[in-house]
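Got the viewer open? Let's take a walk through this one, one selection at a time.

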Amino acid sequence: MKNPPSLDQLISALKVLPGVGPKSAQRMAFHLLQKDRGGADRLARALDSALLNLRHCERCNTFSEVPLCNVCADEARKQELLCVVEMPADLLMLEQSRSYDGLYFVLMGRLSPMDGVGPQDLALDKLVARASDGKVQEVVIATNFTAEGEVTAHLIGEMLKAQGLRVTRIARGMPVGGELEHVDPGTLAQAMYERRSLA
């Protein structure tokens, strides 16, 4: 038996989500249609509204409904600090930590040759222009500590140092509240390497 074409279209559309394969997409479609039609309607409206209203912030490249997001529009933020992150979710995590009060630039990805993502696919020209605005004194690179994140950090660091900017990288090491016996050897080695004085 074949599915109705509209059901196949829904399943195919759900497969664009990360980590969702054919079986998961089919289960989601059946759930939305059979058990949560109201949720399906809310999802459709929210997606339609997001596609219609969201754009990229002119300064930091994150998602915003207005030309400048609320972080970039906040004049109380340290204008001389610029933190580069991979995705809007990373920006939100840093904001939740309340450890940073500068501005951001969101790459909307990271270099990943295996996935066909090269320098031309990231907003690197926009980043260089933003960092070279005459106000920024330090760029903090906060890409993830994956192979792709490290390559991205290295490329960005070289590009920005060539502009005469001070470039720093967030530290790696032990998680807060972590116990040595439960930490992987790579993290523990990095924590030992990046140890600092107890002054």
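A quick bit of vocabulary before you click: a residue is called buried if its relative accessible area is under 20%, exposed if that is over 50%, and partly exposed in between (1.4 Å probe, protein chains only). Helices (H or I, at least four residues) and strands (E, at least two) are DSSP runs, numbered from the N terminus.

You're looking at a predicted model, where local features need pLDDT of at least 70, side-chain atom pairs count only at pLDDT 80 or more, and totals for chains, interfaces and linings use all residues. Residues are numbered from 1 along each chain as its sequence is written, and side-chain values use heavy atoms, with hydrogens and water left out.

**Stop 1: helix 6**

Select 124-131, which is helix 6. Show side chains for Leu 124, Leu 127, Val 128, Arg 130 and Ala 131: these are buried. They sit on the same side of helix 6, because they cover an arc of only 165° around the axis (the arc is taken from the directions from the helix axis to the C-beta atoms). Now spin to the face turned away from that buried side, and you'll find Asp 125 and Ala 129 exposed.

What do the buried residues of helix 6 pack against? Strand 3, strand 4, strand 5 and helix 7, where contact means heavy atoms within 4.5 Å.

**Stop 2: strands 3 and 4**

Next, pick 78-85 for strand 3 and 102-106 for strand 4. The two pair in the parallel sense over 5 bridges; pairing here means that DSSP finds at least two bridges between the strands. To see one of those bridges, click Cys 83, whose partner in strand 4 is Tyr 104. In strand 4, 5 of the 5 residues are buried, so this strand is largely enclosed by the rest of the structure.

Add helix 5 (88-97) to the selection, and you have a right-handed β-α-β unit made of strand 3, helix 5 and strand 4. To check the hand yourself, point the strands away from you: the path from the first strand over the helix to the second should run clockwise.

While you're on helix 5, click Glu 95. It counts as partly exposed, at 26% relative accessibility. Leaving out residues up to four places away in sequence, Glu 95 touches Val 71, Arg 77, Tyr 100 and Tyr 104. Val 71 is 24 residues from Glu 95 in sequence, and the two are 9.7 Å apart in space, C-alpha to C-alpha.

**Stop 3: strand 5 and its partners**

Select 138-141, which is strand 5. Glu 138 and Val 140 point one way, Val 139 and Ile 141 point the other way, and all are buried. That fits a general pattern: in a regular strand the side chains alternate between the two faces of the sheet.

Strand 5 runs parallel to strand 3, joined by 4 bridges, with Leu 82 partnered by Val 139. Another 4 bridges join strand 5 to strand 6, also in parallel, and there Val 139 stands opposite Val 167.

**Stop 4: helix 7**

Add helix 7 and strand 6 to strand 5, and you get a right-handed β-α-β unit. Helix 7 (147-161) has 15 residues and reaches 21 Å from its first C-alpha to its last, close to the 21 Å expected at 1.5 Å a residue; that expected span is 1.5 Å times one less than the number of residues.

Which residues of helix 7 are buried? Gly 149, Thr 152, Ala 153, Ile 156, Gly 157 and Leu 160. They cover an arc of only 135° around the axis, which puts them on the same side of helix 7. On the other side, Ala 147 and His 154 are exposed. The cover over the buried residues includes strand 3, helix 6, strand 5 and strand 6.

**Stop 5: two unusual phi values**

Most residues other than glycine have a negative phi. Click Asn 61, in the loop between strand 1 (55-56) and strand 2 (63-64): its phi is positive, about 80°. Asn 61 is buried, with a relative accessible area of 8%. Then jump to Met 108, in the loop between strand 4 and helix 6, where phi is near 65°. Met 108 is partly exposed, at 22%.

**Last stop: the UniProt labels**

Colour 57-72, which UniProt lists as "zinc finger region: C4-type" in an unreviewed entry. Its end C-alpha atoms are 8 Å apart, and the chain there is 19% helix and 12% strand. Then colour 80-175, annotated "domain: Toprim" in UniProt (unreviewed entry). That span is 34% helix and 20% strand, with end C-alpha atoms 28 Å apart. UniProt positions follow the numbering used here, feature names are shortened, and annotations may be inferred rather than shown by experiment.
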